[in-house]
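Let's take a walk through this protein together, a few elements at a time. Please have the sequence and the 3D view open side by side as you read.

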Amino acid sequence: MGAVDQSWQESVFTDGHFHRPAGGAIIPVRDKASGEIFAVAGLATEADVDEAVATAKTAQAAWSERTYADRAAVLRGAAAALSERAKQFRDLIVRETGCIGGKADYEIGAATSELMEAAGLASHATGEVLPSGHAGRFSLSERIPVGLVGAITPWNFPLVLGMRVIAPALALGNAVVLKPSPETPVSGGLAIAALFEAAGLPAGVFQVLPGDVEVGQRIVTHPDIAMIHFTGSTKVGRQIAQTAGGLLKKVSLELGGNNALIVLDDADLEQATMIGAWSSFHYQGQTCITAGRHIVQRGIAEAYAVGLAARADAIAVGNTFTEDVGLGPMINSTQLERAAGMLSEAVADGARIVAGGTTNGPYFRPTVVRDVSASSRLWTEEIFAPIAPILVVDDDDAAVAAANDTEYGLVNSVLTGDPYRGIRLARRLRAGMVHVNDATPQDEALAPFGGIGQSGLGGRSGGEANIEEFTERRWLTVTEGPAHYPY
Ligand code: NAD
């Protein structure tokens, strides 16, 4: 076993001093491939949440008074610090999430884009001068910060899913209280706090509280947290929405998906199988925008299944930190066993495995399955593992009907040789995002990312949509001359 990095233990959350031990347990931070404990982190308690919120509340008032140029400079400084620490972040993300280096590089690049776009956003939360029906009245609508934003994030893309909330929320004058997943307390929180500290963010404006369910619940219910931004499973999102609804608290939910990749009979076969493999196997299928359903027209179905299976068989699976592989370990045994169980049920229901289907320790071979029953859990639920189930359909109408036959609505893709046919079909799909001739996993800092149905509630992440998310509108009037009322 290598040296254990203790340094994260003492920077559990950022209060007035940026480094403060938390009240909860010290937890091991494990390398997901080897199981090695390579660092330790402290867990926050509900009392820590209360203290962090009190500090953040005072700090937010001063932060929102700073000029947009000051706020933008801090965000650019955090981007510069991330660039200087890219190697540290790469290793952290690879080990904490069990991903390949390329996915860690993607997260670092995407988080940098979030910071730089947010720096520009700081000066773009403009209001409007409104016409008024009252003579002598000056009337305007201005943007004001929400106040304290509570962010709760998952383990799969810890850096970028945190940053896409933290960066715009801070840019727009809010303070942020972040609870990363206990699977990824460092790259999902503590190392991010260190970036903002290096960039000169005033102490208290950003608080990091690694913790479990109780800490998350305290953030949701705390009366001084004005808004909850949650990224995670639909099950937990629903509970948070119920609690926040009772408290009349603003909530934004980025939830799960059961996304369809539609392959039309005029699609280029090589492109289709490459896009199909990436859409289902990328990061072991553990993303909300993974394709969990391949809906393929009959004319191309046989060749597509054979080609996709060949690509799956060619992928090397192993330790992403020490080996040159395409896929790494599953995040934990619970996720692995759940996916294996769903696969066994589908096979018992008549499905045929044509590639993969095996596990070895934390590793799940990329798997292609044919003849999946549309009522099996493997088809109806979010899988979160590298499994590509294929359903064969006869025409465009049947493809649309199959894709829309889900309670989720995050992202779909359509592959076709005719982009206009793709656009026509895309517009019939019930999802927050649709990509013609590309993979389902796509994200850009400027694009409105989000889902409908059971995949999300509230606004969108990205670009101008962030202004709607992280500000409120205030109607402000000034009336010239004396007012006249009946009494
Ligand atoms: P999860 O819902 O189990 O946990 C997400 C976060 O919520 C974690 O920090 C967890 O500790 C916390 N949490 C759990 N129960 C809570 C409660 N009762 N109150 C408050 N906080 C609570 O999700 P996960 O397993 O970490 O992540 C995988 C899920 O996230 C998948 O369903 C995936 O689709 C979804 N996801 C969605 C997006 C998106 O943008 N739509 C992005 C990534 C992941």
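What covers the buried residues of α14? Keep in mind as you look that this is a predicted model. The cover includes the strands β10, β11, β17 and β18 (433-436), together with the helix α13. The residues being covered are R421, G422, L425 and A426, each of them buried in α14. Looking down the axis of α14, you will find these buried residues within an arc of 135°, so they line one face of the helix. An α-helix has 3.6 residues a turn, so residues three or four places apart point the same way. If you turn to the face of α14 that points away from the buried side, you meet the exposed residues Y420 and R424. Where this helix starts, a side-chain oxygen of D418 comes to within 3.0 Å of the backbone nitrogen of Y420.

Since α13 was part of that cover, let's go there next. Helix α13 spans residues 396-404, and its buried residues are D396, A399, V400, A402 and A403. They sit on the same side of α13, because the arc they cover around the axis is only 165°. Which elements lie over that side? Among the elements covering the buried residues of α13 are β10 (259-263), β11 (291-297), β16 (387-393) and α14 (419-426). Strands β10 and β11 thus appear in the cover of α13 and also in that of α14. The start of α13 has a side-chain contact of its own: an oxygen from the side chain of D395 reaches to within 3.3 Å of the backbone nitrogen of D397.

Now move to β17, another element in the cover of α14. This strand runs over residues 411-415 and contains S413. Is S413 buried or exposed? With a relative accessible area of 0%, S413 is buried, because anything under 20% counts as such. Its side chain still has polar partners in the backbone: a polar atom of the S413 side chain lies 3.5 Å from the backbone oxygen of A439 and 3.4 Å from the backbone nitrogen of T440. Leaving aside residues up to four places away in sequence, S413 touches A260, L261, I262, H435, D438, A439 and T440.

Just before those partners in the sequence comes N437, in the loop between β18 and β19 (456-457). The phi of N437 is near 65°, a positive value in a residue other than glycine. Most residues other than glycine have a negative phi. N437 is partly exposed, with 32% relative accessible area. A second residue with positive phi is Q284, where the angle is near 60°. You can find Q284 in the loop between α9 (269-281) and β11. Unlike the partly exposed N437, Q284 is buried, at 1% relative accessible area.

Next, consider the spaces inside the model. How many cavities of 30 Å³ or more are there? The count comes to two. The largest cavity holds about 70 Å³ of space. Its lining is made up of 14 residues, with T290, G292, E382, I383 and F384 nearest the centre. By class, that lining has six nonpolar, seven polar and one charged. The second largest cavity has a volume of about 40 Å³. Among the residues lining this second cavity are N258, N259, R293, A403, V411 and R430. One of them, A403, you have already met as a buried residue of α13. The lining of the second largest cavity has five nonpolar, five polar and two charged residues.

Two further buried spots round off the tour. A351 sits in the loop between α11 (333-348) and β12 (352-355), and at 8% relative accessibility it counts as buried. Although A351 and R370 are 19 residues apart along the chain, their C-alpha atoms are separated by 5.7 Å. Beyond its sequence neighbours up to four places away, A351 touches A346, V369, R370, D371 and V372.

Finally, look at S139 in strand β4 (residues 137-145). S139 is buried, with a relative accessible area of 2%. Its side chain is joined to that of W475 by a polar contact of 2.7 Å. W475 is also among the residues that S139 touches, including E128, V129, L130, L476 and T477.

Methods: Residues numbered from 1 in each chain as written. Predicted model: local features only at pLDDT ≥ 70, side-chain atom pairs only at ≥ 80, totals over all residues. Heavy atoms only, no water. 1 Å grid on protein atoms, 1.4 Å probe; cavity = no way out; pocket = protein on both sides within 12 Å on 5 of 7 lines; lining within 4 Å. Points joined across faces, edges and corners; volume = space filled by probe spheres on them. Nonpolar A, V, L, I, M, F, W, Y, C, P; charged D, E, K, R; others polar. Buried < 20%, exposed > 50% of the residue type's maximum accessible area, 1.4 Å probe, protein only. Helix = DSSP H or I, 4+ residues; strand = E, 2+ residues; numbered from the N terminus. Arc of directions from axis to C-beta. Contact = heavy atoms within 4.5 Å. Polar contact = N/O pair within 3.5 Å; in protein donor to acceptor, adjacent residues only side chain to side chain.
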